[in-house]
Amino acid sequence: MLTVGVLTSAEETNIKEAGKLQEQVSRLTTVVTAKERQSSDALQLFIEGSDSPVAWLIKNHGTMVEKHKEVLLQLLEKHRDRDSFSCPKLDTSSRVLLLVDGLSDLQQKEHDLMQVGVTRGGKRNHLRQLGLEKLFEPLTRVSVPPRVSLTVGVAGMGKTTWVRHFIRQWSQGAICTDIHFILPLTLCELNSLDKLSVERLLKQSFPHLADPSLVLSGACRTLLILDGLDEFRSTLNFSDAAPCNDPKKEIPIDDLITNVIRGNLLPDVAVWVTSRPGVASLIPGGLVDRVTEIPGFSPTDIQIFLNHHFSEQDFASRIWTHLESHKILMVMCSIPCICWMVADTLLYIMQSGTQESLPRTCTELYAHFCSMKAEVGEPRGREPVKMEQLHGTNRKLLANLGRMAFYGLLKHKYTFNEQDLKAYGIDLLLTQSSFGAGVLIRVESGIHTTYRLTHLTVQEFLAATFYHVSSKRAIFDLFSESTMTWPKIGFQNHFRSALQHSQQAEDGHLDVFVRFLTGLLSPTALKPLSGLLTLGKDDGNQKVWAVGFLQGLLASAGAVVSLRSVNLAYCLQELQHTEQLRSIEEDLRDGSLAGKLTRPHCVVLGYLLHVSPECSEQTNLTGCLNYTTVKSLLPQLLYCSHLRLENNNLKDDVMELLGSLLSAKDCHIQKISLADNAVSSKGAKALSRALLVNRTLTSLNLRNNNIGSRGAKFLAEALKMNQVLISINLQNNAIEKEGAQALAEVLQCNRKLVSLNLRKNTVGAAGAKGIADALKTNRTLTKLILCSNQLGDKGTAALAEALTLNHSLLSLHLQSNSISDKGMTVLTKALRLNRGLVFLNLRENSIGVEGAKNMAQALQENNSLQDLDLTANLLHDDGVQAIARAIRSNQGLTSLHLQWNFIKSTATKALAQALASNNTIQLLDLQENAIGNEGVIFLADALKINTSLRTLCLQGVSAGTCGAVALAEALMTNQTLQTLDLRGNAVGMKGAKALANAMKCNRSLKSLNLQENSLGMDGAIFIATALKGNHQLTYINLQGNGIGESGAKVISDAIRASASGCVVDI
């Protein structure tokens, strides 16, 4: 540390302890600023005359930084139009990155489009989101900023756009102001370099930096960006690369990059690497401190994009409708770059004025895209001769570009230099033509000029056009560019060869190429290319042969449905051979796949799970699986959201398979239902192991299995650690007291579980007490189902005690638990204190008049309970009258269920009087109570006044014509009742006529159930004709009224004609 007599020894020590040179300068400035002017003047004179690093940094730091930012902004200016979406909701600044825990197997091993197909670009809810401004910040207060950050995204996802936006924001001082220098390098530009040092690389790339060695010394916080690792010519070898820590030593460029990432070179500099996932996986995980992923467009994003960019006429809605009808195109639009291409191509076709149908396959779309690029600026509809002249040079250019694209694809080469273009006979001047500039991008830099196709899929399409044309005349294997092979004559042999190479490629890099190659056998795909390709006559035989060949491959696919097998279904889709696909899709939606899952069907199902959001969001495989089919489908089930595997007699061996599925890093499953199978404790153990590592599953349904108390204990141990699952259903699993107590321990420590269903498990009073004790401290569980568990009054008392302390439980189900008035006494006392419970189910117990009176007292104090179910108890008139008096003043209850309670007209009168003053009750259920016409008339009178009731259930209440007429009169004035259920009464024809007249003026009733009411043909016709003036009724039930088939048709036709939106059951 340099001193000039103005610092004390303590100040000097404090400055030295700052560590980095930049921090020392900062402390020095702070200390001197606080001193007298004479001291600061002396220091300033010393600095101006000194040549030390400290002095140099103080004098030049600000100027260097501003000059560097200015240069970066100038370089970025030429990319501004390409980088901007001009749509605020989709601009990079408004989007986020996903923080991921390393790369999944899918990302490491599969083609970009296969990755997008299974994820559809959607954000995964369990992943943390990071804005660019926080990309290099510590994630917690005790963590440190990452040294090496990796951002991955498939081709066209916008990695370079994100990098440019970050640099632009930083240069403008909007984000990461603590970073002093950002040094962006595009790795494809380094492909022309052989050996050099880090210092020379930076001098060559950033000549405006006067002294880069000082910038890289650690004196300033610097970020080095290595953009596009997937476009780097060399495969990084981290195991064999020679270590180097000398920034002046010249070493091979691939060793240089390896040593920078390892931290041997530039250890104080933060590094940000962007790449496609497959290449990024070559970097050892231990070297990367943070991995983020760029999410694709969701369907909502795609719609926003279309509405913003194609607002004229109805183009946006027409494009969106087309994408919805052709799911594979929608999937591809998850990639922003392809979304642009698809939308522009569809718009071009719609604006062309021709009668061409919009493309239905990817091959058709890309054929139109190339045709569009060749014809931009030229009028369409020319005479054939003139069109031939127009495309003369483009035909040659397409052939040479296709050859370069094909052999580049085989070598995993996606960027090309001028020497590559010349080697394939491509005239550099033609690259500036309309077609050349439309499909080939020229990237210039101070180091190197490179070329690449507009997108990876464009390279794959051009490669397919080359192979398609060449295979008809080639006599040797086209996959061998420079070596002689055994003769291979005829298109079919070459097509077989392409499919064979594709199926054998472990990374799937030929998948999309063979999709396009297959699609080119369709005349509709070739038509737009008629001026660009040399095509012979096609009688359609090759297409028919290809369909048969692909179906043969499907039938002989391996025991497990791999992504290579699924790609065969993609190929059939390109040929529009979709009969089997549509059949499986319909069966999947209807849940009728039983006995139909042959090997080819399993492959098609795997394809559907990729392209159909409806199929993957709820995959209903109920009653159609066994061990073999589960094992076969296992790799494709990873990507379902809601997986229903009910009623399949699945045993513990299948649970082992599903455990491995749920443990996979690629797993997207959020809900899984294994209800009605044969899972024992061993199977529960396999699932519990998966729950320890799974980060996506939120709901697990094991209803009606046999896991027992032992299985419940296995699951409980996992749930103590699991912080994702929020709902578990263990109904009817014989977990008994021991299982309940194990789950009670979970409730004491788990802070995620929201819903627990233990219905029909014989947990008894002891099990209930354990759960009740846990509820005293638990504050996250909101729904607890303990129906049919032999709780009795003792178990109920334990739960009641918990309710005096727990105000977070919202729903409690205690149906069929032998609860008597004694249990109700304790429970209702708790309800007077509880302010959280919203739903209480006490159906099918032994609650009598005394219990009902205690509940009435509770309702006079409790206004938080909204839904009370007392069905099938022993309340009688006296008990219900007490409850009726309570709800006159109660302002919380919205639903009251009192069916099967031996209620007569006296209690009904009390309820009617209560409804006259109560303005919160929305549902009243009095089914199967003999209230008769008198009781119905009381209720009808109340309806004339009440404005809150929405649903009134009066099934089987011994109502006749008089009661129906009274209700009809009420409906003439009541405009709030929406559902009226009069099933199983004796309304008769006159009652039906009265109700029909009421419906002519009522505008609130939406559902009317008159099943089994002796209406007869005439009564039903009255109801049907009444609908001519009613526009609100959406459901009506006239079954069981002696109408007959012919009468039913007459009524059905009449209703359909006058009220087409109304569903009629006759």
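Below, a visitor asks about one predicted protein model and a guide answers.

Visitor: What kind of model is this, and how are its residues numbered?
Guide: This is a predicted model, where local features need pLDDT of at least 70, side-chain atom pairs count only at pLDDT 80 or more, and totals for chains, interfaces and linings use all residues. Side-chain values use heavy atoms, with hydrogens and water left out, and residues are numbered along each chain as its sequence is written, from 1.

Visitor: What is the average pLDDT of the chain?
Guide: pLDDT is the predictor's confidence in each residue, from 0 to 100. Of the residues, 89% score at least 70. The chain average is 87.

Visitor: Over which residues is the pLDDT below 50?
Guide: Where pLDDT is low, the predicted coordinates should not be read in detail. One such stretch has 7 contacts in the model beyond near neighbours in sequence. Contact means heavy atoms within 4.5 Å. The stretch with pLDDT below 50 is residues 377-385.

Visitor: How many helices and strands does the chain have?
Guide: Both are DSSP runs, numbered from the N terminus: helices are H or I with at least four residues, strands are E with at least two. The chain has 46 helices and 28 strands.

Visitor: What share of the chain is buried?
Guide: Buried means under 20% relative accessible area, exposed over 50%, and partly exposed in between, with a 1.4 Å probe and protein chains only. The chain has 1066 residues. The buried share is 57%.

Visitor: What is the accessible surface of the chain?
Guide: Accessible areas come from the Shrake-Rupley method with a 1.4 Å probe; for residues, only the protein chains shown count as cover. Carbon and sulfur atoms hold 50% of the surface. The total comes to about 43,200 Å².

Visitor: What percentage of contacts join residues 24 or more positions apart?
Guide: The count takes contacts in the chain with a separation of 6 or more. Residues 24 or more positions apart account for 80% of them.

Visitor: How many salt bridges are there?
Guide: A salt bridge puts a side-chain nitrogen of Lys or Arg within 4 Å of a carboxyl oxygen of Asp or Glu. Some are linked in a network, which joins Lys769, Asp773, Lys776 and Glu801. The count for the chain is 26.

Visitor: Which residue meets Arg695 in a salt bridge?
Guide: The N to O distance is 3.9 Å. The pair links distant parts of the chain, 594 residues apart: Arg695 is in the loop between helix H33 (681-691) and strand E15 (699-701), and its partner is in the loop between strand E1 (97-100) and helix H6 (105-109). Arg695 is partly exposed at 43% relative accessible area, whereas the partner is exposed at 54%. That partner is Asp101.

Visitor: Is Asp869, the salt-bridge partner of Arg843, buried or exposed?
Guide: The closest N and O atoms of Arg843 and Asp869 are 3.2 Å apart. Arg843 lies in the loop between strand E20 (839-841) and helix H39 (849-861), and Asp869 lies in strand E21 (residues 867-869). Arg843 is partly exposed at 22%. At 6% relative accessibility, Asp869 is buried.

Visitor: What covers the buried residues of helix H44?
Guide: H44 (residues 988-999) has 12 residues and reaches 17 Å from first C-alpha to last. That is close to the 16 Å expected, taken as 1.5 Å times one less than the number of residues. Its buried residues include Gly991, Leu995 and Met999. Their cover includes helix H43 (961-973), strand E26 (1007-1009) and helix H45 (1016-1026).

Visitor: Which residues does Gly836 contact beyond its neighbours within four places in sequence?
Guide: Gly836 sits in the loop between helix H38 (821-833) and E20. Gly836 is buried, at 7% relative accessible area. Its C-alpha is 5.5 Å from that of Ser808, 28 residues apart along the chain. The contacts are His807, Leu809, Leu810 and Ser864.

Visitor: How far apart in space are Ala916 and Ser948?
Guide: Ala916 lies in helix H41 (residues 905-917) and is partly exposed at 36%. In sequence, Ala916 and Ser948 are 32 residues apart. In space, C-alpha to C-alpha, the distance is 9.9 Å.
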